[in-house]
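Please walk through this structure with care, taking the charged pairs before the helices that carry some of them.

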Amino acid sequence: MTKPMSQHAESPEFIPVTVTFLEMSRPPSHYPPLPYNRQIALLRARNIPLHYYRYLIDRVGRKWYWVNALRLSDEELAEGLAKPDRDIRILYLDGVPAGFFDLKVHLPDEVELAYFGMIEHAIGQGLGKWFLGAAIEAAWSYKPLKVSVQTCTLDHPAALPLYQKLGFSPVGQTHETVRTMTFEERSSIVMR
């Protein structure tokens, strides 16, 4: 268990994490149904601006220490986002951004669910299972041999069980260290 991220930490911390790699070798027989009585939209982003992608990474991943994409230079991030086989979809709830997923389809015979998550106001509203199902369905639409994802001990505690419930199986683990960002660092990147 990690301590909550300080909004005004004076220096970065180094946090040990266990990363679990998961794979799915065939599509599920069915997908979770769309929640009813909710105003939901899931839109594919085309030519996503760097500032908006960073906003999504920050808002979805701030609590879970998602820092790798934030540390990319404008050039590195632009190059990755410009790939024609990158599939980024944004979840809207009641007209406002509520989460996103990012598929990397450029791997041979594999689609990687590189990022998946919801903004805090959308968590706990019964959307997660459907939203992950939508990400899995989008990944399988590319007809890969497998779909992969990774999660770590800093992610939401429900992440690993939800991935497994929807058909992913663990295939490996590694131990890494995450260097956190101070509030000032994060702000300067997100507000570029």
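Across this predicted model, the structure holds 10 salt bridges. Several of the residues involved belong together, since Asp 58, Arg 59, Arg 62 and Arg 186 are linked in a network of salt bridges.

Within that network, the side chains of Arg 186 and Asp 58 form a salt bridge in which N and O are 2.8 Å apart. This pair ties together distant parts of the chain, with Arg 186 lying in helix H5 and Asp 58 in helix H1, 128 residues apart. Arg 186 and Asp 58 are both buried; for Asp 58 the relative accessibility is 2%, and it therefore counts as buried. Asp 58 also forms a salt bridge with Arg 59, where the closest N and O atoms are 4.0 Å apart. Unlike the buried Asp 58, Arg 59 counts as partly exposed because its relative accessibility is 34%, which falls between the limits of 20% and 50%.

How do the two helices that hold Arg 186 and Asp 58 lie against each other, and what is the angle at which their axes cross? Two packed helices are described by the angle between their axes and the distance between the axes. Here, the axes of helix H1, which covers residues 50-61, and helix H5, which covers residues 183-190, come within 9 Å and cross at roughly 150 degrees. Because an angle over 145 degrees counts as roughly antiparallel, H1 and H5 are described as roughly antiparallel to each other.

Which residues make up this contact? From H1 come Arg 54, Tyr 55 and Asp 58, and these meet Arg 186, Ile 189 and Val 190 in H5. Sorted by class, the contact of H1 with H5 has 3 nonpolar and 3 charged residues, and no polar ones. Asp 58 and Arg 186 thus appear in the list of contact residues as well as in the salt-bridge network.

Another salt bridge joins the side chains of Arg 89 and Asp 87, with a distance of 2.8 Å from N to O. Is Asp 87 buried or exposed? Its relative accessible area is 0%, so Asp 87 is buried.

Glu 79, finally, is found in helix H2, which spans residues 74-81. With a relative accessibility of 57%, Glu 79 lies over the 50% limit and therefore counts as exposed. Along the chain, Glu 79 and Pro 12 are 67 residues apart, and their C-alpha atoms are separated by 27 Å.

Technical notes:
Residues are numbered from 1 along each chain as its sequence is written. This is a predicted model: local features need pLDDT of at least 70, side-chain atom pairs count only at pLDDT 80 or more; totals for chains, interfaces and linings use all residues. Side-chain values use heavy atoms; hydrogens and water are left out. Helices (H or I, at least four residues) and strands (E, at least two) are DSSP runs, numbered from the N terminus. Buried means under 20% relative accessible area, exposed over 50%, partly exposed in between (1.4 Å probe, protein chains only). Axes are lines fitted to C-alpha atoms, for helices over the stretch in contact, and angles run from 0 to 180 degrees between N-to-C directions. Angles under 35 degrees count as roughly parallel, over 145 as roughly antiparallel, 65 to 115 as roughly perpendicular and the rest as oblique. Contact means heavy atoms within 4.5 Å. Ala, Val, Leu, Ile, Met, Phe, Trp, Tyr, Cys and Pro count as nonpolar, Asp, Glu, Lys and Arg as charged, and the others, Gly among them, as polar.
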